[in-house]
Amino acid sequence: MDANIVLLPGDGIGPEIVSQAERVLRAIAERYGHEFELSSHPIGGCAIDEFGDPLPESTLNACRKSDAVLLGAVGGPKWDDPHAKTRPEAGLLKIRKELGLFANLRPINPHPALLDSSPLKRHIIEGTDILFVRELTGGIYFGDSGRQGEGDHASAFNTMVYSQAEVKRVVRVAAAAALKRRGKLTSVDKANVLEVSRLWRHTAEEVVKKEFPTLEYEVVLVDAMAMHLISRPTDFDVVVTGNMFGDILTDEASMLPGSLGLLPSASVGESGPGLYEPIHGSAPDIAGKGIANPLATILATAMLLRHSLQLGAEADAIEAAVTQVLDAGHRTADIAQKGESSIGTTEIADHVLQAMSG
Ligand code: IPM
Ligand code: MN
């Protein structure tokens, strides 16, 4: 297969982890006889420095023309000035919106070898296998916002708004995924308070009843969900929710497997390239030290191969290699237990490449 893959390393540890994922992609191409054309483009803080724009036209155009996009991370203290004209995060929000990536898939399945590195007790998390489907191009992230007034009277607002069409399409993605998994769908909202959630709830229920009648379906309020996620995570299969609730709940859920450093995510739309990224941020505190965990990005690469290029066997091979490396006890600092030794970014990727060729 010939495929054009755009790499957006971004800021902080982004370049270090994406370059390890790039090695994995090249190894897959060689082993399975594919031609992957890889090109790197700036996004986020480094793009602000170079072009004054966190998502330059040239980067967006390259993404539009590609088959899939692999992103590292954006942001860092250098670009945190609250009075700055733009921020690195704006580049990420814009690329999601421009590519129409309305569904963000975040799988949470704690690796058996790492159960004891989670802050939660083993008996609670053992057997957890959740797929979060977070709405990504609507809600409070994209509603009307503004500031008004002066001094003590200064105020600011953001608006959480969803159309039925936006709810329907993301619920369909989640419900279809649930059908292929254990057949259970949980929709999370705040319908006891928010009008927008009442529309979400009503619309989601209609889609499920009409189009996916065999699913086991439940609705949970977001505050209760925050609690259930850490008290009985094994009860959930696919969870669908809005943009901000999904942002918060998936960071919480990332503690189930012990580290953000292991979690990949896929953002997909109706058609066109998907965007794949680790769910962690740019970790500026450890950038450039060679100790960042590249496994989430390597696992995001597997998602890219599976979802955008239909290369399931290649994706399986990467995931199996990561499992093998963790089973063998190799750890980066973020997932090492007290007293365990840890290895660096390149070294752990070396082990993954070795496991793939073994
Ligand atoms: C995420 C991140 C982003 C978000 C930020 C960096 C804009 O936290 O992908 O979860 O809030 O969506
Ligand atoms: Mn987030």
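Mentor: A residue counts as near a molecule or strand if one of its heavy atoms lies within 4 Å of it. This is a predicted model, where local features need pLDDT of at least 70 and side-chain atom pairs pLDDT 80 or more, while totals for chains, interfaces and linings use all residues. Residues are numbered from 1 along each chain as written, chains are lettered from A and ligands numbered from 1 in written order, and side-chain values use heavy atoms, without hydrogens or water.

Trainee: Okay, which residues are around ligand 1?

Mentor: Apply that 4 Å rule to the ligand's surroundings. What you get around ligand 1 is Glu89, Leu92, Arg96, Arg106, Arg134, Tyr141 and Asp247.

Trainee: How far is a polar side-chain atom of Arg134 from an oxygen atom of ligand 1?

Mentor: Use the polar-contact rule: N or O atoms within 3.5 Å, and within protein one must be able to donate a hydrogen and the other to accept it, with sequence-adjacent residues counting only if both atoms are side-chain atoms. Arg96 has a side-chain N or O atom 2.7 Å from a ligand oxygen, and for Arg106 the distance is 3.0 Å. For Arg134, the answer is 2.8 Å.

Trainee: And which residue meets Arg134 in a salt bridge?

Mentor: The test is a side-chain nitrogen of Lys or Arg within 4 Å of a carboxyl oxygen of Asp or Glu. Arg134 passes at 3.8 Å, N to O, with Asp247 as its partner. Arg134 is in strand E5 (residues 130-135) and its partner in helix H9 (residues 243-253), so the bridge ties together parts 113 residues apart in sequence. The name you want is Asp247.

Trainee: What are those two, buried or exposed or in between?

Mentor: Buried is under 20% relative accessible area, exposed is over 50%, and partly exposed is in between (1.4 Å probe, protein chains only). Arg134 comes out at 2% and therefore counts as buried. Asp247 has 26%, so the label there is partly exposed.

Trainee: Back to Arg96: how many residues separate it from Glu277?

Mentor: Their side chains form a salt bridge at 3.6 Å, N to O, and both residues are buried. Arg96 sits in helix H4 (residues 88-98) and Glu277 in strand E12; helices (H or I, at least four residues) and strands (E, at least two) are DSSP runs numbered from the N terminus. The pair links distant parts of the chain, with a sequence separation of 181 residues.

Trainee: How many salt bridges are there by this rule?

Mentor: One of them pairs Arg201 with Asp189 at 2.8 Å between the closest N and O atoms. Some share partners, and these join Asp129, Arg181, Arg182 and Asp237 into one network. The count comes to 24.

Trainee: Zooming out, what distance separates the centres of domain 1 and domain 2?

Mentor: The bounds come from an automatic or database domain assignment, which puts 1-107 + 260-358 in domain 1 and 129-135 + 151-255 in domain 2. Eleven residues of domain 1 are in contact, meaning heavy atoms within 4.5 Å, with 13 residues of domain 2. Taken over C-alpha atoms, the centres are separated by 25 Å.

Trainee: Which element gives the largest share of the largest nonpolar core?

Mentor: Such a core is a set of buried Ala, Val, Leu, Ile, Met, Phe, Trp, Tyr and Cys residues joined through side-chain atoms within 4.5 Å. The largest has 63 residues, and those with the most contacts inside it are Phe36, Val133, Leu185, Tyr276 and Leu305. Its largest share, eight residues, comes from H10.

Trainee: Why does this core lie between the domains?

Mentor: Look at where its residues come from. The core lies between domain 1 and domain 2 because residues are given to it by both.

Trainee: What is the relative accessibility of Leu70?

Mentor: Leu70 is part of strand E3 (residues 68-73). Its contacts beyond four places in sequence include Val6, Leu8, Tyr276 and Leu304. Leu70 counts as buried, because its relative accessibility is 0%.

Trainee: Last one: with which side chain does the side chain of Asn293 make a polar contact?

Mentor: Asn293 lies in the loop between strand E12 (274-278) and helix H10 (295-307), and at 5% relative accessibility it counts as buried. A polar atom of its side chain is 3.3 Å from the backbone oxygen of Gly261. The side-chain partner, at 3.3 Å, is Thr332.
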